[in-house]
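Q: Please take a close look at one part of this model and describe how it is built and what surrounds it.

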Number of protein chains: 2
Amino acid sequence: MDGRTDSTSTWLGAPLEQLPTPALTLDQATMRRNAERMRERCRALGLRLRPHVKTHKTLPQALALLQQHPLPGTKRWLVWLKLDCGNGRAGVRPADPAALALARAIAEGAPEKVTLVGVYAHCGDTYGCRDVLAVQAIARATATAVLDFVTVLRQAGVPCPQASIGSTPSCSHPVPEMARLTELHPGNYLFYDLQQTLLGSCHPEEVAIRVLTRVIGHYPHRNQLLVDCGWAALSLHGRDQAPTGCAAIEGHPQLRLVGLTQEHGQVEAVDGQLDFGRFPLGSILALIPFHACATAAMHPVYYVHAGGKVVELWHPVRGW
Amino acid sequence: MDGRTDSTSTWLGAPLEQLPTPALTLDQATMRRNAERMRERCRALGLRLRPHVKTHKTLPQALALLQQHPLPGTKRWLVWLKLDCGNGRAGVRPADPAALALARAIAEGAPEKVTLVGVYAHCGDTYGCRDVLAVQAIARATATAVLDFVTVLRQAGVPCPQASIGSTPSCSHPVPEMARLTELHPGNYLFYDLQQTLLGSCHPEEVAIRVLTRVIGHYPHRNQLLVDCGWAALSLHGRDQAPTGCAAIEGHPQLRLVGLTQEHGQVEAVDGQLDFGRFPLGSILALIPFHACATAAMHPVYYVHAGGKVVELWHPVRGW
């Protein structure tokens with residue numbers, strides 16, 4: 001289904017500057033540091049780390065599998081109950097009387113088949129914060145709401161051993177209240193991105209992801225460079241949120257990405273005249289994407305690099 | 001690389017309402033009518049139709065191929081020169097003296113290897129139009145600019161047999177001036193989409209693409225439904241452009257898509273109280289995407305249907 005899949009292996013060992021563009025690259029050493037730092041944070045809090053890989057909406061398939069292959073006698077469905085602690089997307093609100101009733105129904109409805117293993121909340125409202133203190137206030141409120149609900153369950157005689165919260169901003173700046181949970185489940189921290197930098201979740205040098213793009217045109221009358229990266233390789237995320245557009249251009253704070261069509265990007269000077277001599281045709285710019293999750297969804301292969309060369313090729317799973 | 005690729009074939013023959021969601025569906029009969037209508041338009045104008053499939057930036061690979069496999073003596077590189085006739089993205093402006101010089105260099109630089117076969121322009125500025133008359137004004141100006149440049153070339157003794165313009169809005173409402181070109185190259189017309197409907201390129205019933213999504217949550221306190229389609233299945237295109245968000249919801253003009261995260265969409269009533277009884281959990285909504293090109297880029301498989309059943313599976317090519 002992807003004619004390029006096999007041919008990408010020819011890039012193993014290649015210097016980054018030889019890759020066909022646009023190319024999604026990941027710095028192996030930076031990812032390892034990011035992974036270790038999050039593991040260390042969880043160790044310090046005494047929590048399990050569950051890296052959040054989105055595997056949603058599988059209940060119909062799970063039920064079909066169950067019908068075809070009944071669980072052996074000793075196996076049970078382990079169910080997590082999702083709480084909405086202010087994020088306003090999915091989950092039951094812990095203060096809603098229906099929440100306790102639902103938890104009890106899960107725990108007691110078919111105890112030989114189903115176990116209520118825990119409650120969890122995604123504090124995605126941290127993405128609307130302007131600084132780390134605001135992120136931490138949400139993390140504190142979310143952890144407290146989750147833990148209070150676990151207490152309510154315990155008092156009602158409904159066992160619920162696990163309590164988890166996630167979101168990369170909150171898990172990048174944990175608060176002491178989190179130590180009373182049993183796990184954290186952030187997802188973006190391995191790559192980080194421009195958005196996380198702006199939120200204060202990471203330093204710029206902790207961002208592992210880039211999209212490499214080549215200069216394919218000089219347009220002096222528009223004071224613009226044309227590059228071979230459009231929204232098909234970057235997504236439109238961040239268009240109205242970041243000062244430099246959907247990406248920052250590494251090492252060139254005087255440039256910004258002002259336009260993206262499907263396969264083209266338009267780059268201009270933030271201020272004044274663009275120095276075209278610095279950006280010859282074929283030269284490479286490294287874009288730091290606003291939202292790594294969205295950019296990663298656009299690429300069939302990720303080029304993992306170390307020492308300036310490709311050391312691994314990652315092929316993400318797609319579809320539903 | 002995509003664990004679902006093989007398993008999708010099990011959906012051949014399935015009724016649409018059984019598909020796993022989110023699912024990109026294409027109405028075969030509508031696509032056939034759209035294809036025939038565009039062919040008929042081109043026939044009426046005496047033009048060739050070149051459906052625009054984006055195959056960009058292949059010059060480095062083409063050069064590498066050439067070095068490995070030199071062209072046989074009778075084969076030549078057939079080069080099209082791209083003109084910027086007001087769209088402001090890629091190409092040389094026809095009134096720029098450099099345009100004639102470039103065309104001459106292509107035509108005369110290595111005539112045994114390279115032939116200047118034509119000039120073409122993408123009038124993407126039609127996407128900023130508010131009505132069909134404005135689209136047609138741009139189509140007329142673009143066709144005229146391209147043809148005037150061909151005349152300049154002819155007078156300068158530079159042969160250039162072909163002249164092409166493209167953009168689905170302009171090709172959906174051709175103007176008589178286009179008849180003097182040799183071809184049109186629209187790309188979006190097979191599927192059409194909400195944007196093209198708003199631009200007047202098509203009627204709503206001519207849009208072949210949908211994203212099917214299921215209701216996975218009722219949130220009466222927010223007056224919202226949660227559906228299993230986020231930007232990972234729709235893209236963020238149109239968020240600030242269409243009155244109903246990144247998609248319209250077929251058959252339900254009283255609903256709009258107010259929020260998209262990676263795997264979730266939030267649907268609310270345009271006005272007043274949402275009638276949750278009409279949308280039970282598991283029921284399917286058909287989203288009409290704002291921008292078919294962007295939505296199609298998010299899906300590993302397209303379910304082509306006729307008579308309410310899947311009749312073909314299309315697996316798009318990805319990557320660069």
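A: The part chosen is a hairpin: β7(A) and β8(A) form it with four residues between them, and Asn223(A) in the turn has a positive phi of about 55°. This is a predicted model, in which local features need pLDDT of at least 70, side-chain atom pairs count only at pLDDT 80 or more, and totals for chains, interfaces and linings use all residues. Residues are numbered from 1 along each chain as its sequence is written, while chains are lettered from A and ligands numbered from 1 in the order in which they are written.

Strands here are DSSP runs of E with at least two residues, and helices are runs of H or I with at least four residues, numbered from the N terminus. Strand β7 (residues 209-219) of chain A pairs with β8(A) in the antiparallel sense over four bridges; two strands pair if DSSP finds at least two bridges between them. Within this pairing, Gly217(A) has Leu226(A) of β8(A) as its bridge partner.

β8(A) is also joined by four bridges to strand β11 (residues 265-269) of chain A, and the two run antiparallel. There, Glu268(A) of β11(A) is the bridge partner of Gln224(A).

In a regular strand the side chains alternate between the two faces of the sheet. In strand β8 (residues 224-227) of chain A, Gln224(A) and Leu226(A) point one way, Leu225(A) and Val227(A) point the other way, and all are buried. A residue is buried if 20 or more other C-beta atoms, placed from the backbone, lie within 10 Å of its own, exposed if 12 or fewer do, and partly exposed in between.
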